[in-house]
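The following exercises are to be worked with the sequence and the coordinates at hand. Each task is followed by a solution in steps.

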Amino acid sequence: AMATTTVARASIAPTVSRAIARRSSRSRPRVARVGARATTTTRETRARTRRPTTTTTRAGRVNEFGEEEDAVDGANAFDGDDDEDEDGYEDEEGYFVGSAAFVWEDEVYTYGGLAHEGEFVTSVYRWSGRGACYEVAATAADGEVGVPPGRYGHGAVVHGDLLYVFGGQGQFGCLNDLWVFDFVACTWTLVDVIGDPPPSRTGHCMCISDNVLFVFAGKDVQPGQDVVIYNDLYGFDLAESEWLTIDTQWKHPVGGDACAMAARNSTLYILSPNETSIEMVVWVLQLSAAGTPRWTMVARAGQVPSPRTS
């Protein structure tokens, strides 16, 4: 049986609209704030390096503890020529399952996922030209806290020089922790948050608008229990490190793990299956509207995409 959870919680202050108004009235340098730690990005810092330190490795040669198992030198880096063996079959070792892909400084990176034998990948990889893969030499900002545990089906979004990672399926169940990776310093930090975070989940979607990180939908998968499907919306105030529960009125997207989300001009756009899971529909949420935000389904025209996941 599939249990569906419809969230209707009381909002916690400040609301998204108040958070946006508060930030628009401020005048201050760009600050990357992580919990109680705040660092101002300067021209000197940005000029020091624009690319993380990397080590060359074959994709997938990482165990659940993030240890390299088969590092190779630069002359023999995984450059895409090994995608097929002598019989013409693809090399499965070059693929990650459930990892998150993102772009920073015009290059593609991935984080997390499962390697070909089911090992949890805990590294950030940079993919450059013809499939070449380089592991970023990341460390923990706090040695006692360490780096994020391995996961797949997590959400990841880049904001400036920072990568925010939330939730995902871990080795012992779904997660609801929030981590930030600093591309310039190559460090991981567990964010010290205010307020109640979203329930543990995987397969959710994320985006950032007006300096608020939004998390929508997903599911919670626990051994021996019914799968919980979420259609709730949360925001994380990046300036205040505070989770916001966002209530909406009337109808809303179905949710689950088959959604995609993007933001533009203080508006959220979500692609979600319809109630019968026969086709995909687009929903819009105006964040700057007065009162309780309201989802609106966009009128359809042309060929409608079929339902899909991942």
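**Exercise 1. Describe the open sheet that includes strand 14, giving its strand order, pairing sense and edges.**

*Solution.* Step 1: in this predicted model, four strands make up an open sheet, and their order is 14-15-18-19. Step 2: the strands pair in the antiparallel sense. Step 3: strand 14, residues 205-209, and strand 19, residues 242-245, are the edge strands, since each of them pairs on one side only. Step 4: from one strand to the next, the twist averages 25°. Step 5: at the strand 14 edge, the antiparallel pairing with strand 15 (residues 212-216) runs over five bridges. One residue-level example is cysteine 207, whose bridge partner in strand 15 is phenylalanine 214.

**Exercise 2. Determine where aspartate 232 is found and whether it is buried or exposed, then identify its side-chain polar contact with an arginine.**

*Solution.* Step 1: the loop between strand 17 (227-230) and strand 18 (233-237) contains aspartate 232. Step 2: the relative accessible area of aspartate 232 is 4%. Buried means under 20%, so this residue is classed as buried. Step 3: the side chain of aspartate 232 is joined to that of arginine 201 by a polar contact of 2.7 Å. Step 4: proline 253 gives a further point of reference, as its C-alpha lies 9.1 Å from that of aspartate 232, with 21 residues of sequence separation.

**Exercise 3. Analyse the stacked aromatic pairs formed by phenylalanine 102 with tyrosine 109 and by tryptophan 104 with phenylalanine 183.**

*Solution.* Step 1: a search of the whole structure returns 15 aromatic pairs. Step 2: phenylalanine 102 and tyrosine 109 are stacked, at 6.3 Å centre to centre and with 0° between the planes. Both of these residues are buried. Step 3: tryptophan 104 and phenylalanine 183 are also stacked, with their ring centres 4.6 Å apart and 5° between the planes. Step 4: tryptophan 104 belongs to strand 5 (residues 100-104), whereas phenylalanine 183 sits in the loop between strand 12 (173-182) and strand 13 (187-190); the pair therefore ties together parts that are 79 residues apart in sequence. Tryptophan 104 and phenylalanine 183 are both buried. Step 5: these four residues belong to one aromatic cluster, together with Tyr111, Phe181 and Trp188.

**Exercise 4. Characterise the surroundings of threonine 110.**

*Solution.* Step 1: threonine 110 is placed in strand 6, residues 107-111. Step 2: its relative accessibility is 9%, and threonine 110 therefore counts as buried. Step 3: leaving aside residues up to four places away in sequence, the residues that threonine 110 touches include Phe96, Phe102, Val124 and Tyr125. Step 4: Trp127 is also among the residues touched, and its side chain makes a polar contact of 2.9 Å with the side chain of threonine 110.

**Exercise 5. Summarise the whole protein and state where pLDDT stays under 50.**

*Solution.* Step 1: the protein has two helices and 23 strands. Step 2: of its 310 residues, 44% are buried. Step 3: among contacts with a separation of 6 or more, 55% involve residues 24 or more positions apart. Step 4: pLDDT averages 76, and 69% of the residues score at least 70. Step 5: pLDDT stays under 50 over residues 1-14, where the model has 36 contacts beyond four places in sequence. Residues 20-49 likewise stay under 50, with 45 such contacts.

Note on methods: Residues are numbered from 1 along each chain as its sequence is written. This is a predicted model: local features need pLDDT of at least 70, side-chain atom pairs count only at pLDDT 80 or more; totals for chains, interfaces and linings use all residues. Side-chain values use heavy atoms; hydrogens and water are left out. Two strands pair if DSSP finds at least two bridges between them. Axes are lines fitted to C-alpha atoms, for helices over the stretch in contact, and angles run from 0 to 180 degrees between N-to-C directions. pLDDT is the predictor's confidence in each residue, from 0 to 100. Contact means heavy atoms within 4.5 Å. Buried means under 20% relative accessible area, exposed over 50%, partly exposed in between (1.4 Å probe, protein chains only). A polar contact is a pair of N or O atoms within 3.5 Å; within protein, one must be able to donate a hydrogen and the other to accept it, and residues adjacent in sequence count only if both atoms are side-chain atoms. Rings of Phe, Tyr and Trp (its six-membered ring) pair if their centres lie within 6.5 Å; planes under 30 degrees apart count as stacked, over 60 as edge-to-face and the rest as tilted.
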